[in-house]
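User: I am new to this structure and would like to know what stands behind the terms used for it. Please take me through them one at a time.

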Amino acid sequence: MIAKLAKTCTLRISPDKLNFILCDKLANGGVSMWCELEQENFFNEYQMEGVSAENNEIYLELTSENLSRALKTAQNARALKIKLTNKHFPCLTVSVELLSMSSSSRIVTHDIPIKVIPRKLWKDLQEPVVPDPDVSIYLPVLKTMKSVVEKMKNISNHLVIEANLDGELNLKIETELVCVTTHFKDLGNPPLASESTHQDRNMEHMAEVHIDIRKLLQFLAGQQVNPTKALCNIVNNKMVHFDLLHEDVSLQYFIPALS
């Protein structure tokens, strides 16, 4: 999933969590991502030592496809070990213990080159602050949404996402020749979102954001399975924030509005 969303990303290792991070540099077109895994849900044994007791973290930059490819070889493995090594240059070494036909095991090792990120750059890699959304709404089935957006991409590079507190979400494109809108109804809004704002808000009023359609498609293409929870938060004319939960993995993805 991460490899589809970000060519290179930062892996943050802390005593209780692993994070995959993409920060909103202009190089990513302003897109940012924060993915979180609780280490205890994935590892039987886990040992890490950060820079110091008060800064007990490690930040690494890596090519996500390299890690993804190495882990794919471990699908039927007896055991998998990931460690930080130094082989003339820093590596994330993935050791996979595979069972062979003769029931003896063999070990396959992948050395993934990484860059260790110095502490002075950590401040740019913190969890993004989510501004209060104007509308928060549950997403439709992502596969359906993806096929709609794929068709729209043939007509325009820009797309408007709009939604209200009445469970309605629209995807719109407009060119000089054509205007196309897909409507999703009865999606539901998270309870807090509708309660805290609906006293002083028209439930049918649409909040909207104008974004690059390719960024949305990249996000949707990264979703291999429908998540347990999928939320879309719109900050009117500023950004759209997707908040997904896949069993043990949470993913936040931010796409800024086009100026």
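User: How many salt bridges does the rule find across the interface of domain 1 and domain 2?

Analyst: The model is a predicted one, and in it the rule finds 0 salt bridges across the interface of domain 1 and domain 2. To count, a side-chain nitrogen of Lys or Arg would have to lie within 4 Å of a carboxyl oxygen of Asp or Glu. Polar contacts do occur there: 4 residue pairs between domain 1 and domain 2, both residues at pLDDT 80 or more, are counted.

User: What makes up the side of domain 1 that touches domain 2?

Analyst: Helix H1 (2-5) and strand E3 (32-38) are the elements that give two or more residues to that side of domain 1. E3 supplies the largest share, 7 residues. Sorted by class, this side of domain 1 holds 8 nonpolar, 5 polar and 3 charged residues.

User: How do you know that domain 1 and domain 2 are in contact?

Analyst: Contact requires heavy atoms within 4.5 Å. By that test, 16 residues of domain 1 are in contact with 16 residues of domain 2. The two domains also bury about 1400 Å² between them, with 61% of it on carbon and sulfur atoms. Their centres, taken over C-alpha atoms, are 30 Å apart. The domain assignment puts domain 1 at 1-124 and domain 2 at 135-256.

User: Why is the link between lysine 115 and glutamate 61 called a salt bridge?

Analyst: The closest N and O atoms of lysine 115 and glutamate 61 are 3.6 Å apart. The limit is 4 Å, so the pair qualifies. A search of the whole structure finds 11 salt bridges.

User: What does the pair of lysine 115 and glutamate 61 tie together?

Analyst: Lysine 115 lies in strand E8 and glutamate 61 in strand E4 (residues 58-63), so the pair ties together parts that are 54 residues apart in sequence.

User: Which strands are called the edge strands of the open sheet, and why?

Analyst: The sheet has 9 strands in the order E8-E4-E1-E2-E3-E16-E15-E14-E9, with antiparallel pairing. Strand E8 (115-116) and strand E9 (135-138) are its edge strands, as each pairs on one side only.

User: How do you know that E1 and E2 pair?

Analyst: At least two bridges are needed for two strands to pair. Strand E1 (residues 8-13) and strand E2 (residues 17-22) are joined by 4 bridges, so they pass, and they run antiparallel. Arginine 12 stands opposite asparagine 19 in E2.

User: What joins E11 to E12?

Analyst: A hairpin does, through 4 residues. Strand E11 (residues 169-174) and strand E12 (residues 179-184) run antiparallel and are joined by 6 bridges. Leucine 171 stands opposite threonine 182 in E12.

Methods
Residues are numbered from 1 along each chain as its sequence is written. This is a predicted model: local features need pLDDT of at least 70, side-chain atom pairs count only at pLDDT 80 or more; totals for chains, interfaces and linings use all residues. Side-chain values use heavy atoms; hydrogens and water are left out. Domain bounds come from an automatic or database domain assignment. Buried area is the accessible area (1.4 Å probe) that two parts lose on being put together, summed over both. A polar contact is a pair of N or O atoms within 3.5 Å; within protein, one must be able to donate a hydrogen and the other to accept it, and residues adjacent in sequence count only if both atoms are side-chain atoms. Ala, Val, Leu, Ile, Met, Phe, Trp, Tyr, Cys and Pro count as nonpolar, Asp, Glu, Lys and Arg as charged, and the others, Gly among them, as polar.
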